[in-house]
Amino acid sequence: MIYIANWKMHGNSRDIESLNPIIKLSKQKKYRNIKLVYCPPYTLLDLMKRKFINSKIHVGAQNCHFNSEYGAFTGSINSKMLKSIGTKYVIIGHSENRTDGDNDLIINKKIKSALQENLKVILCIGETLFEKRKKLTKKILKKQIKNSLYKVKKVENIIFAYEPRWAIGTGIIPKTKTLTKNIIDIKKILISVNKKLNSAKILYGGSVNSQNVKEIVKIKGIDGFLVGGASLNSKKFIDIIKKSIN
Ligand code: PGA
């Protein structure tokens, strides 16, 4: 199982101490085989990486610029810079960045530049509420996957996070039946796009908490979770891990 903590625009240096319980958990035998990745804001990447130095917890960025070289892009960070400070993962195509203007073409360029630096990509896909109501979910997922992976080579370094955009931060999650179907559809789409994606990891994200995770984890084909709000509090995040492993 893979657990990704997405801190979004939260946290400062004082919050690093709150990671002690998760470091402790990661060293327990029972949780030896889980993969833990923390994605703080850029400002905390280096500090968090140092904090995790004697543990197996990785750090990831929440985004990157599409340009692989240095350049005149005020306020941006590219994958080369992320790599240089020991970042291992990068989230690409998050719903909040899609809302800010990231389209499939930009996402495709970001993926290529991240893979070029040997970063592992966490690619977020998912439909809006409007698209869900219009029964366009499968079509949207297909479009997002196909376009984002256009001419992408090292696809085995991509983890897919299915995050229905209407489920993020709302406390609402998809019905089990719908989620089961969507995961099956995603799996089929991935294989049709590239056979190497046969064993790709698929995570679920969107309002995951310690109560609903017990149900979601039963769904076949879900290999982990991308957690936003609940990951800001170590106790809540640990609860999610424990409830989904027991
Ligand atoms: P949430 O966010 O868990 O707060 O819904 C998930 C995400 O945006 O990755």
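The exercises below work through a predicted model of one protein chain, each with a solution in steps.

Residues are numbered from 1 along each chain as its sequence is written. Because the model is predicted, local features need pLDDT of at least 70 and side-chain atom pairs count only at pLDDT 80 or more, while totals for chains, interfaces and linings use all residues, and side-chain values use heavy atoms, with hydrogens and water left out.

**Exercise 1. The whole chain**

Task: Find how many helices and strands the chain has, and decide whether its radius of gyration agrees with that of a compact globule.

Solution: Begin with the secondary structure, which comes to 10 helices and 8 strands; these are DSSP runs numbered from the N terminus, with helices being H or I of at least four residues and strands being E of at least two. Next, take the rule for a globule, which is 2.2 Å times the number of residues to the power 0.38, with the radius of gyration taken over C-alpha atoms. For 246 residues a compact globule would have a radius near 18 Å, and the chain has 17 Å, which agrees. Finally, 50% of the 246 residues count as buried, where buried means under 20% relative accessible area, exposed over 50% and partly exposed in between, with a 1.4 Å probe and protein chains only.

**Exercise 2. The two sides of helix H8**

Task: Work out which residues of H8 are buried, and why they line one face of the helix.

Solution: First consider the helix itself, which covers residues 176-193, has 18 residues and reaches 26 Å from its first C-alpha to its last, close to the 26 Å expected at 1.5 Å a residue; the expected span is 1.5 Å times one less than the number of residues. Then list the buried residues of H8, which are Leu179, Asn182, Ile183, Asp185, Ile186, Ile189 and Leu190. Seen down the helix axis, these buried residues fall within an arc of 165°, so they line one face of H8; the arc is that of the directions from the axis to the C-beta atoms. Lys177, Lys188 and Ser192, on the other side of H8, are exposed. Lastly, the partners against which the buried residues of H8 pack include strand S5 (120-125), helix H7 (137-148) and strand S6 (158-162).

**Exercise 3. A pair of aromatic rings**

Task: Classify the pair formed by Tyr38 and Phe237, and find which parts of the chain the pair ties together.

Solution: Start from the rule that rings of Phe, Tyr and Trp (its six-membered ring) pair if their centres lie within 6.5 Å, with planes under 30 degrees apart counted as stacked, over 60 as edge-to-face and the rest as tilted. The structure holds 5 aromatic pairs. In one of them, the ring centres of Tyr38 and Phe237 are 5.6 Å apart and the planes stand at 80°, so this pair is edge-to-face. Tyr38 belongs to strand S2 (residues 35-39) and Phe237 to helix H10 (residues 234-245), so the pair ties together parts that are 199 residues apart in sequence. Tyr38 is buried, at a relative accessible area of 1%, and Phe237 is buried as well, at 0%.

**Exercise 4. The surroundings of Cys64**

Task: Locate Cys64 and decide whether this residue is buried or exposed.

Solution: Cys64 is found in the loop between strand S3 (58-61) and helix H3 (79-84). With a relative accessibility of 3%, Cys64 counts as buried. Contact means heavy atoms within 4.5 Å, and, leaving aside neighbours within four places in sequence, the contacts of Cys64 include Tyr42, Ile77 and Lys110.
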